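Colleague: Could you take me through this model step by step? I would like each term explained as it comes up.

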Amino acid sequence: MINNKTAGMSAAERKAFYLSRLYMILPIISVSLLILLWTTVARNSEFPSPKDTFDRLILLFQKPIKGLNIFGHVWASLVRVFAALTFNWTFGIAFGILIGWNKKCKVLFTPLFNAFRAIPPLAWIPLITIWMGTGELSKILIVIFGSLASIVVNTQAGMSNVEQLYLDVGTIFNANARQKLFQIAIPSALDAIFAGVRTSTSAAWMVVLAAEMLGAKSGVGFLITRGMDSIDMPLVLMSMIAIGIVGALLSIITQFAERLMCPWTRKRSD
Amino acid sequence: MNPKSLSNSERVALIQKQRKRTQYQDAVLSVVGILGFLIFWQVITVTGIVESRYLSTPVQIASLFITKLTSPNPDGAVIGVNILSSLTIALSGFGLAIVIGIPLGLVMGWYKGFDSFMRPLFEIIRPIPPVSWIPLTIVWLGIGLTAKAIIVFFAAFVPCLINSYTGIRQTSEVLKNVAKTCGASNFTIFWKIGIPSSMTLTFAGIKVAIGNAWATLVAAEMLAASSGLGYMILMGRQFGRVDLVILGIVVIGVIGTIITMLIGMLENKVLGWKKL
Amino acid sequence: MDEKKIRLKLENISQSFVVNNEVQDAVSDVSLEVYDNEFLVLLGPGHCGKSVLLNIIGGLEKPVSGNLYLDGEKLSGSDTRISMVFQRLALMPWKTVMGNVEFGPQIAGIDKATRRKNAQKYIDLVGLTGFEKSYPNQLSGGMKQRVGIARAYATNPEILLMDEPFGQLDAQTRYAMEEEIQRIWQQEKRTIIFVTNNIEEAVYLGDRIILLSECPATVKQIYDVNLPRPRNTIDPEFLRIRKEVSENTDLAL
């Protein structure tokens, strides 16, 4: 059957054909190897096997931890992320526009902002816990600290790199400064702003886990620490996989939102 | 002032003077921004608007720093030891990530077969945040140096790989074709054209990686360590010493900035041709 | 009957820039007059002075010395009576074709219904009916410039400036666009000031050609092209004018 397909091909084409077939098979091989590695390691040590991990997932449905099954915990984490991001996007975008557009503001605020940015978000946790205890608000604040930088930096970059040409078009049509800001500069910076949205979302997801790992009663990060404390390895592994899946989903959703909001960034195949 | 009445050299002088004036104004504004913040900070603590158990004054922090240079209280080590401990782990994990991540990314970006094989593995590892590897590594390897270095490695590995991968993939086709017409082998093109082309993005990846590494290290130290800056902060919190906590934060930030500046200088040396 | 009305007058315009601590002259004492509804071509070599002159007329730059008069009134800065088609494609990528064309009226505060109708008229004029909802990155180079032309027309300007609008197009498209702009201009007559470095294009399109010298730009010569339209590029008279202009042109390396 393959011979029929390759019948009319030159030597180079045939080689390319077989190579492309090979490239399709390789991923399957590597993933299978990974699963094989996983099961082998599990059999020879205390590392949980795929089956163990899956069983643990089912168990969590039957015996929820702190009253929540896996979806409950994921939701708890996501709620914190959304709360933090809502603040970040409103404040961060506004601030980014300010320091990106107005040179004097940029010079005034940037050194200070960079100083704060240099501090890893997790380092704030003890300080925030001293201020506000370990409640919901303190966790949300931690996530805010951890993901604010990306949106501000991206928005600022977008605003300072507005093409002079577009502003010139505005001048020709007699646009005033306010019109130039809202009708030219901000729309042209939208794709940079969305890059910031994407980065801050993934940053927020990472930080919320750390915040939960250091003191919480719900959320996926909490699940991991629970597993670690009770040497419940399947729980740890299962939580990690859940974290990975949700993280990937968030990234897909934000990319989809970007394409929806900025249809002109779709590249045309020329 | 009607520019027409100025001679050419007067015009140049005027522009130069204006430029100097803007530079001076900008510098002043920056300093005002920072000073204003510090003064604000000092004032709200000293006057008691914010209670002293929530915030120490900048002056107190500075004096604590001097004290900690020689005093091991209350966390068990002089500040120099903590800094060294954190730096060692950060740099070893980071160094490992560069040595493995960058070549891997470059090869994956260039050789399609390798890419097809490694890609799915990488895509599976990628969404899992480095922080979540911590419990697993701790259960496996305890809370020693190796465990923390591995966590840092994971955090720094991903951006190094992604950036060198993307960097080499956007090598200009034109340049590759030029090399091919000169009779270069695939490996030669990879070495002499692909790799240099990817350097900008690779360096960007290194900067992200070090940021990640430093941040994850702090997290790891807070979860399980007996020394290091993250641990020091944790101890500060446990003993209710807000000044120690803030000192730790400041030192972490400063060191992070210094490292980024150093890498920036290295980048300028390697990629200096770009500015021309 | 032949008493031509002067619309735009440039009087002793000079422009220079401070670059790297040196003063570089771009335009040196240029004076010229632009008549009502004529297709005026500014022809000059290389990258010196022509676009700067246009920028000054459009209000994007202030000249070091000299004055501009529109219908006798002194100009300073941009004016809604003067519109521009840019050299590099300056369509806003986040707006559709309709969004781009109605941009000028939108800035001027005209209500949506009126400006839509107005924009549609010009979109039809340039031959892009049906593409109102397309984004610039879905259009070819020639189509993008047509949107630029429609946009410049949409504010109903007295004077249209065109800054080497076909410079970035390939040869075929360029010929097509030269015919297009001529058709559009004859259908909707305006005063046009067209900048180019292509001699054939200048002779094909212009009622008058103002030949500029190389850097710093001065007026070298003014040619009247009295050929009937549409012009034939291999007509002997066309070729004679072209040769005359070409021999007088400074070369810029």
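Colleague: Where does helix α1 of chain B lie with respect to chain C?

Modeller: Helix α1 (residues 8–46) of chain B lies across β1 and β2 of chain C, and it runs at about 70° to β1(C). Helices (H or I, at least four residues) and strands (E, at least two) are DSSP runs, numbered from the N terminus. Axes are lines fitted to C-alpha atoms, for helices over the stretch in contact, and angles run from 0 to 180 degrees between N-to-C directions. Contact means heavy atoms within 4.5 Å.

Colleague: Which helix of chain C packs on the sheet?

Modeller: Helix α1 (residues 50–58) of chain C does, and it touches β1, β2 and β4 (65–70) of chain C. The direction of this helix makes about 120° with that of β1(C).

Colleague: Before we continue, what should I know about the model and its numbering?

Modeller: The model is predicted: local features need pLDDT of at least 70, side-chain atom pairs count only at pLDDT 80 or more, and totals for chains, interfaces and linings use all residues. Residues are numbered from 1 along each chain as its sequence is written, chains are lettered from A and ligands numbered from 1 in the order in which they are written, and side-chain values use heavy atoms, with hydrogens and water left out.

Colleague: In what order do the 4 strands of the open sheet come?

Modeller: The order is β2-β1-β4-β5 (chain C), with antiparallel pairing. Two strands pair if DSSP finds at least two bridges between them. At the edges are β2 (22–35) and β5 (73–74) of chain C, each of which pairs on one side only.

Colleague: How many bridges link β1 and β2(C)?

Modeller: Strand β1 (residues 6–19) of chain C pairs with β2(C) over 10 bridges. Phe17(C) stands opposite Gln24(C) in β2(C).

Colleague: And what do β9(C) and β10(C) form?

Modeller: They form a hairpin with 6 residues between them. Strand β9 (residues 208–212) and strand β10 (residues 219–224) of chain C run antiparallel and are joined by 5 bridges. Ile209(C) has Tyr223(C) as its bridge partner in β10(C).

Colleague: New topic: how much area is buried between chain B and chain A?

Modeller: About 4000 Å² is buried, of which carbon and sulfur atoms give 85%. Buried area is the accessible area (1.4 Å probe) that two parts lose on being put together, summed over both. Phe117(B), Leu136(B) and Ile249(B) supply 13% of the area that chain B buries against chain A, more than any other three residues.

Colleague: Which side chains meet in a salt bridge there?

Modeller: Those of Lys104(A) and Asp26(B) do (3.6 Å, N to O). A salt bridge is a side-chain nitrogen of Lys or Arg within 4 Å of a carboxyl oxygen of Asp or Glu. The rule finds 1 salt bridge across this interface of chain B and chain A.

Colleague: How many salt bridges are there between chain A and chain C?

Modeller: The count between chain A and chain C is 0. The contact takes 20 residues from chain A and 28 residues from chain C. These two chains bury about 2200 Å² between them, 66% of it on carbon and sulfur atoms.

Colleague: Which three residues of chain A supply more of the area buried against chain C than any other three?

Modeller: They are Ile172(A), Phe173(A) and Trp264(A), which supply 34% of the area that chain A buries against chain C.
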